[in-house]
Amino acid sequence: MFGIAWTSPNTLLGLFAGAFGLAMGARMRWQPRARALVFARMRWPAPGALTLGNVVLHTGESLDVACHTYAHRAGWAVEPCVSLVDHERAHVYQYMALGPLFLPLYLLCGGVSVRNRFERAADRYASHGRGWWPFAPSRERRRWRTLGAAPGDAEHDRPARP
Ligand SMILES: [Zn+2]
């Protein structure tokens, strides 16, 4: 599949980090639902998951856990929890679509932050099963456009600032 080849430089980075993790006691398995090779029990200071191409590295035992959305954690909205594995699968799709462009664009959009459209798209996908593409117009903006109104300036629609 083209996406897997296109994002293989990222996957390679993930495999290097994963191999390092294995030496430190991490466990590895292919997880179809993540579309990724998953390294669990990674040891690094910040708990959580990191996707690199078709590799997911995380500090927990399993990706099959519920987690809060970024918007919920930031206090922007009260949203139901999503499944971490679905959130990370959205990142895998983003990686397969953007290949080597993913990391620069992700960082330009704000890195690990609620303001990052990549993260909000991953939460959207994990909540509704669609919408992983980070540059899709938000439903709100589309509605305003149909109404002929100017796009709103809701806090969550602002692009990330440095
Ligand atoms: Zn994420």
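Helices and strands here are DSSP runs, numbered from the N terminus: a helix (H or I) has at least four residues, a strand (E) at least two. The model on screen is predicted.

**Stop 1: the loop at Cys81**

Select Cys81. It sits in the loop between α3 (70-73) and β6 (82-83). Is Cys81 buried or exposed? Neither label fits: it counts as partly exposed, because 13 C-beta neighbours lie inside 10 Å, and a buried residue needs 20 or more while an exposed one has 12 or fewer. Now show its contacts. Leaving out residues up to four places away in sequence, Cys81 touches Ala66, Cys67 and His68. Add Val65 and draw a distance. The C-alpha atoms of Cys81 and Val65 are separated by 9.5 Å, with their positions 16 residues apart along the chain.

**Stop 2: the whole chain**

Zoom out and colour by secondary structure. The chain holds seven helices and six strands. From start to end, the pattern reads α-α-β-β-β-β-β-α-β-α-α-α-α. Of the 162 residues, 35% are buried. Take the contacts with a separation of 6 or more: 49% of them join residues 24 or more positions apart.

**Stop 3: the sheet**

Select the four strands β1 to β4. They form an open sheet with mixed pairing, in the order β1-β2-β4-β3. The edges are β1 (27-31) and β3 (49-52), each paired on one side only. From one strand to the next, the twist averages 20°.

Start at the β1 edge. β1 pairs with β2 (residues 36-40) in the antiparallel sense, over five bridges. Pick out Gln31: Ala36 of β2 stands opposite. The hairpin of β1 and β2 has four residues between its strands. One residue to click there is Arg35, with a positive phi near 55°.

Step across to β4. What is the sense of pairing between β2 and β4? These two strands run parallel, over three bridges. Leu37 stands opposite Val55 of β4.

**Stop 4: helix α2**

Select residues 8-23. This is α2, which lies across β1, β2, β3 and β4 (55-58). The helix runs at about 35° to β4. Check its length. At 1.5 Å a residue, its 16 residues should span 22 Å, and the end C-alpha atoms are indeed 22 Å apart.

Which residues of α2 are buried? Show Asn10, Thr11, Gly14, Gly18 and Gly21. They cover an arc of only 90° around the axis, so they lie on the same side of α2. Their packing partners are β1, β2, β3, β4, α4 and α5 (102-108).

Turn the helix over. On the face away from the buried side are the exposed residues Phe16, Ala19 and Ala23. Then move just past the end of α2. Gly25 has a positive phi there, about 105°.

**Stop 5: helix α4**

Select residues 84-98. Helix α4 packs on the sheet, touching β2, β3 and β4. Its direction makes about 25° with that of β3. The length agrees here too: 15 residues at 1.5 Å each should span 21 Å, and the end C-alpha atoms are 21 Å apart.

Colour α4 by burial. The helix is mostly covered, with 13 of its 15 residues buried. Gly99 follows α4, and its phi is positive, near 55°.

**Stop 6: the nonpolar core**

Hide the backbone and show the nonpolar side chains. In soluble globular proteins, nonpolar side chains tend to be buried together. The largest nonpolar core in this model has 29 residues. Label Ala34, Val56, Leu57, Leu63 and Ala122, which have the most contacts inside it.

Where do the core residues come from? At least two are supplied by each of β2, β3, β4, α4, α5 and α6 (117-128). The largest share is that of α4, with seven residues.

Finish by centring on Leu63. Set aside its neighbours within four places in sequence. Leu63 is then in contact with Gln31, Ala34, Val38, Ala49, Val56, His58, Leu84, Val85 and Glu88. Two names on that list tie back to earlier labels: Gln31 is the residue opposite Ala36, and Ala34 is among the core residues with the most contacts.

Key:
Residues are numbered from 1 along each chain as its sequence is written. This is a predicted model: local features need pLDDT of at least 70, side-chain atom pairs count only at pLDDT 80 or more; totals for chains, interfaces and linings use all residues. Two strands pair if DSSP finds at least two bridges between them. Axes are lines fitted to C-alpha atoms, for helices over the stretch in contact, and angles run from 0 to 180 degrees between N-to-C directions. Two residues are in contact if their C-beta atoms, placed from the backbone, lie within 7 Å. The expected span of a helix is 1.5 Å times one less than its number of residues. The arc is that of the directions from the helix axis to the C-beta atoms. A nonpolar core is a set of buried Ala, Val, Leu, Ile, Met, Phe, Trp, Tyr and Cys residues joined through C-beta atoms within 7 Å.
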